[in-house]
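Me: I am new to reading protein structures. Could you take me through one, feature by feature?

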Amino acid sequence: MKQQGICILGSTGTIGVNTLDVIRRHLKSFRIIALTANRQVERMHQQCQEWQPEYVVMSDPEAAAALREIIIKEGLATEVFSSVDKLNEVVQYDSVDTVMAGIVGAAGLLPTLAAVKAGKRVLIANKEPLVMMGQVFVEEAKKSGAVLLPIDSEHNAIFQCLPFAVQQATAAPIEHTLKEHGVCRILLTGSGGPFLKQDRSSFSSITPAQACAHPNWVMGRKISVDSATMMNKGLELIEACALFSTSPEKIDIVVHPQSVIHSMVEYNDGSILAQLGNPDMRTPIAHALAWPKRMDAGVERLDLLKMSALEFLPPDVVKFPSLTLARQAAETGGTLPAILNAGNEVAVQSFLDGDIRFDQIIELVEETMQAVEYEPQQELDNVLAADRHARSFAERRAQNLS
Ligand code: MG
């Protein structure tokens, strides 16, 4: 069998490191063609020694220069590039079959889109592409024949619980409705974050350190704050609408503090299918790399006998207004999801910088959604423009608040 040529966008981050860990167990099936990172020279150097990729892109020019010097000195064959444009180029190379899109934030948008346009198998681990312009991604994949597979644990779980015909239609996007396959509802689960049981009146005094201590998953700071405001679940709702071609009213958010079930799908005969597992990103990564087959992920088995009781609660939308805002953005579509996303990125950063309070994060998002004019069409240019306008509005507003 031919080895799959792999390009990892963001190879020194959590998703990248976990992807390499899975691939290390299946060296016969995969070959690393290209690795990319922002500025972590030391870790990238180690990855070059181990994987000997043909190409490396470091977005930071100084980091690229430092790495290039080491690579030349050691006589490694890797070519080191530094420019954001190169990211869009390496994903299209013929030797690349599969692209793992693991760059956090809006920076991952264009290279991921380039991979989709080039008809690659694209494993989507960053939220922004599907949140900001899910329709564009799905439309482009239809044109190019790209295969889209979700890595976000909930979406990967939903994907696994859908009928195989819907999995195929989702992966290589073709027109379908969930209804014709007997699916009546998607149950998107979330832990509820660290403040699930805390009173809303205490939200104003929550510190960044408290917000970043997630009970079940080890995550970066931005996504930890998103989990604490439950905006992460809101963004995931928007993501799921795009990916599974469905409307937000067909998706219920269910709070499940143990994070053992990663999401569920309900069928019209009364069945509910759930995907369970230890919270370990290597499971969705291995699933997507191997799909439609299965392969070992190196993950610790879930011991059902050691499991405590599983709880399911409705989300408290008064305490977590992020969910209502996200639903509104998903229903309205166009550029509103991008405006919400940009307002939220700025608000979270301002909170982490100590400029605004925890309870002001979602207020700032709401103000941004009201202030920045949205357009009903979702196209690359107007989404990027909406993203810029929303960022500059939110930044100005955050300064006034601080
Ligand atoms: Mg998730």
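Reply: Happy to; we will go through the metal site, a helix, some charges and a few backbone details. Keep in mind that this is a predicted model.

Me: Let's start with the metal. Which residues coordinate the magnesium ion?

Reply: For a metal site, begin by listing the atoms that hold the ion. Here the magnesium ion is coordinated by oxygen atoms of D152, E154 and E236, at 2.1 to 2.2 Å. Water is not among the atoms, so a site like this may look incomplete.

Me: How are those donor residues spaced in sequence?

Reply: Their pattern is D-x1-E-x81-E. In other words, one residue stands between D152 and E154, and 81 residues stand between E154 and E236.

Me: Are D152 and E154 buried or exposed?

Reply: Both D152 and E154 are buried. The word has a cut-off: buried means under 20% relative accessible area, and exposed means over 50%.

Me: Can I use that idea on a whole helix? How many residues of α12 are buried?

Reply: You can, by counting along the helix. Helix α12 covers residues 282–290, and 8 of its 9 residues are buried. Among them are R282, P284, I285 and H287.

Me: Now the charges. How many salt bridges are found in the whole structure?

Reply: The search finds 23. When you look at one, ask where its two partners sit along the chain. Take K2 and D97, whose side chains meet in a salt bridge with N and O 2.9 Å apart. This pair links distant parts of the chain, 95 residues apart: K2 lies in the segment before β1, and D97 in the loop between α4 and β5.

Me: How accessible are K2 and D97?

Reply: K2 is exposed, with a relative accessible area of 60%. D97 counts as partly exposed because its value is 24%, which falls between the cut-offs of 20% and 50%.

Me: Where in the chain do K142 and E139 lie?

Reply: Both lie in helix α6, 3 residues apart, about one turn of the helix. Here is the general idea: an α-helix has 3.6 residues a turn, so residues three or four places apart point the same way. K142 and E139 form a salt bridge, with their closest N and O atoms 3.3 Å apart. K142 is partly exposed at 30%, and E139 is partly exposed at 42%.

Me: What about two strands? Which strands hold D252 and R185?

Reply: The side chains of D252 and R185 meet in a salt bridge at 2.3 Å, N to O. D252 is in strand β9 and R185 is in strand β8, and the two residues are 67 apart in the chain. Each is partly exposed: D252 has a relative accessible area of 27%, and R185 has 27% as well.

Me: Which residues are linked in a network of salt bridges?

Reply: D21, R24, R25, E50, D280 and R282 are linked in such a network. You have met R282 before, as one of the buried residues of α12.

Me: And which residues form the negative surface patch?

Reply: The patch is formed by E373, E375, E379 and D381. To place one of them, look at E373, in the loop between α15 and α16. E373 is exposed because its relative accessible area is 74%, and the cut-off for exposed is over 50%.

Me: How far apart are F351 and P208 in sequence and in space?

Reply: This is a good reminder to check both distances. F351 and P208 are 143 residues apart in sequence, and their C-alpha atoms are 7.1 Å apart in space. F351 is in helix α14 and is buried, with a relative accessible area of 2%.

Me: Last, the backbone. Which residues are joined by a cis peptide bond?

Reply: For this, read the omega angle. W291 and P292 are joined by a cis peptide bond, with omega about 10°. P292 is in the loop between α12 and α13.

Me: Where is Q52, and what is its phi?

Reply: Q52 is in the loop between α2 and β3. Its phi is positive, about 45°, although Q52 is not a glycine. M230 also has a positive phi, near 65°, and is not a glycine either; M230 is in the loop between α10 and α11.

Me: Is each of them buried or exposed?

Reply: Q52 counts as exposed at 55% relative accessibility, whereas M230 counts as buried at 3%.

Conventions
Residues numbered from 1 in each chain as written. Predicted model: local features only at pLDDT ≥ 70, side-chain atom pairs only at ≥ 80, totals over all residues. Heavy atoms only, no water. Donors = N, O, S within 2.8 Å, 3.2 Å for Na, K, Ca; no water. Buried < 20%, exposed > 50% of the residue type's maximum accessible area, 1.4 Å probe, protein only. Helix = DSSP H or I, 4+ residues; strand = E, 2+ residues; numbered from the N terminus. Patch = residues over 30% accessible without salt bridge, like charges linked within 9 Å, V, L, I, M, F, W, Y side chains within 5 Å. Areas by Shrake-Rupley, 256 points an atom, 1.4 Å probe, with all protein chains shown as cover. Salt bridge = Lys/Arg side-chain N within 4 Å of Asp/Glu carboxyl O. Lys, Arg positive; Asp, Glu negative; His and termini not counted. Charge placed at Lys NZ, Arg CZ, Asp CG, Glu CD.
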